[in-house]
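Ready to practise reading a protein model? Work through the exercises below with the structure open beside you, and try each task before you look at its solution.

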Amino acid sequence: MTLAGANTLPDSPEVRQYNRSRRWLEVGDLVLSFGFLIALLVTGWSNTLRTLAQRWGSERYVLSLFFYVVFLSVISKILGFALDFYGFRLEHRFNLSNQRIGSWLKDEFKGWVLGLVLGAFLAEIVYALIRISPQYWWLIAWIIFIGLFIFFAQIAPVVLFPLFYKFVPLQNEELKARLVRLGERSGTRVRGVYEWKLSEKTKKANAALTGLGNTRRIILADTLLENYSNDEIEAVLAHELGHHVHGHMLKMIAVQAVITFLGFWAANEVLHFAIDEQKMFFNLSDFANLPLLALVASGLSLVLMPALNAYSRFTERQADQYCWKCVANVGPYITAMEKLARQNLSESHPSRVVELLFHSHPPISKRIAAAQAWAESHRPSLAT
Ligand SMILES: [Zn+2]
């Protein structure tokens, strides 16, 4: 039990304050985006913006819808900018960021453009379907969205992530050899391991399994590669491999597919109610109803968030167990977790409520305790 050191100590005031501020930021973001959508609908501004967009788009539907999405995107970026900036300052206040303001502004801009392009593209698809098939648009849109999820999951590591971070193939030969061994033991081939140049932006460390099919890869932050022993990095790799072996990427897409189905079905019902009973919009293809569609979708995601987080924590526990089985000894896993918690200012002991509502990963203290319990029951001679 000697490795339990940091695990049994309570979180420092600094850690508690940082995480509290981050949570307030998340809640503030939610309140702002819901408030914005509700305000658009209640005040009738959505109709005003639609009329303006139609004028700019010379009454051409596709162009008018594009302008309408641009308006919403610009206004919400302006409204949310103060919170985004507070988030940037917060990382600096706790000495977690390596990013200068210029680089941050560039990322914000790129993120905004990306969001706008994607948002406009999705809105054009949805409203084209509404016009083509007013009855079954939501069902067809659902099928197309699932196709797009899979497509984006596949291109993300090669097209989207490189917009913000540099990636280079892992150079460390010893680690590469260990990874091949890990893969052989689990009967799978790891297609690639990349060094993720996270240190240009942050002092935090991270690792992930990304992509699908031929873009599937493990990415390891340079901030992790620099400060962790090969045994510790192997434990992290084994955890990521566990996600792959359990097919978590596809399972997550399946879960998203179910939620999206519910979302489109509910959106169709709510839109019909708003049009037929409340006379809020002219008809389904009146894109002034877009905020209502977005409200139903985000409301549903919010309500399901604790369940999604619970599912995510379950997959993390599965990946952890896979890791403990793969590595010779759970010691490096435990020290890697302790280092990660310290480096990222993660809470090791969040309250139960915070864990249930916000955390996609089990708290580090529980992960370490579970690793020790596993080692004691499976490898008593090696337990430390
Ligand atoms: Zn994981």
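**Exercise 1. The end of a helix**

Task: Find the residue with positive phi that follows H9, then check the span and burial of H9.

Solution: Keep in mind that this is a predicted model.
- Step 1. H9 is followed by Gly-247, and the phi of this glycine is positive, near 65°.
- Step 2. Now go back along the helix itself. H9 covers residues 230-245, which makes 16 residues, and at 1.5 Å a residue they should span 22 Å.
- Step 3. The end C-alpha atoms of H9 are 22 Å apart, so the expected span and the model agree.
- Step 4. Of the 16 residues of H9, 13 are buried, so the helix is largely enclosed by the rest of the structure.

**Exercise 2. The zinc ion**

Task: Which residues are the protein donors of the zinc ion, and how are they spaced in sequence?

Solution:
- Step 1. The protein donors are His-239 and His-243, each through NE2, and Glu-316 through OE; they lie 2.1 Å from the zinc ion.
- Step 2. Written as a pattern, the spacing of these donor residues is H-x3-H-x72-E.
- Step 3. His-243 lies in helix H9, while Glu-316 lies in helix H11 (residues 290-326), so this pair ties together parts that are 73 residues apart in sequence.
- Step 4. A helix also offers a useful rule: with 3.6 residues a turn, residues three or four places apart point the same way.
- Step 5. Check the burial, for which the cut-off is under 20% relative accessible area. His-243 has 9%, so it is buried. Glu-316, at 7%, counts as buried too.

**Exercise 3. Two cysteines**

Task: Why is there no bond between the sulfurs of Cys-326 and Cys-323?

Solution:
- Step 1. Recall that a disulfide is a covalent bond between the sulfur atoms of two cysteines.
- Step 2. For a pair to count, the sulfurs must be within 2.5 Å.
- Step 3. The sulfur of Cys-326 is 7.2 Å from that of Cys-323, its closest cysteine sulfur, and this is too far for a bond.
- Step 4. A search of the whole structure agrees with this picture: it finds 0 disulfides.
- Step 5. Both residues can be checked for burial as well. Cys-323 is buried, with a relative accessible area of 0%, and Cys-326 is buried at 9%.

**Exercise 4. The sheet**

Task: In what order do the 4 strands of the open sheet lie, and which are the edge strands?

Solution:
- Step 1. The order is E1-E2-E4-E3, and the pairing is mixed.
- Step 2. The edge strands are E1 (167-169) and E3 (207-210), each of which pairs on one side only.
- Step 3. Neighbouring strands of this sheet are turned by 30° against each other on average, direction ignored.
- Step 4. Look at E3 and E4 (residues 217-221): these strands run antiparallel and are joined by 4 bridges.
- Step 5. Follow the pairing: Ala-207 stands opposite Leu-220 in E4, and Ala-208 stands opposite Ile-219.
- Step 6. The hairpin of E3 and E4 has 6 residues between the strands, and Gly-211 in this hairpin takes a positive phi near 80°.

**Exercise 5. The whole protein**

Task: What radius of gyration would a compact globule of 384 residues have, and what does the protein have?

Solution:
- Step 1. Start with the inventory: 14 helices and 4 strands.
- Step 2. A compact globule with 384 residues would have a radius of gyration near 21 Å; the protein has 23 Å, which agrees.
- Step 3. Along the principal axes, the C-alpha atoms fill a box of roughly 75 × 45 × 35 Å.
- Step 4. Buried residues make up 46% of the 384 residues.

Conventions
Residues numbered from 1 in each chain as written. Predicted model: local features only at pLDDT ≥ 70, side-chain atom pairs only at ≥ 80, totals over all residues. Heavy atoms only, no water. Pairing = 2+ DSSP bridges. Helix = DSSP H or I, 4+ residues; strand = E, 2+ residues; numbered from the N terminus. Axes fitted to C-alpha atoms, helices over the stretch in contact; angles between N-to-C directions. Expected span 1.5 Å × (residues − 1). Buried < 20%, exposed > 50% of the residue type's maximum accessible area, 1.4 Å probe, protein only. Donors = N, O, S within 2.8 Å, 3.2 Å for Na, K, Ca; no water. Rg over C-alpha atoms; globule rule 2.2 N^0.38 Å.
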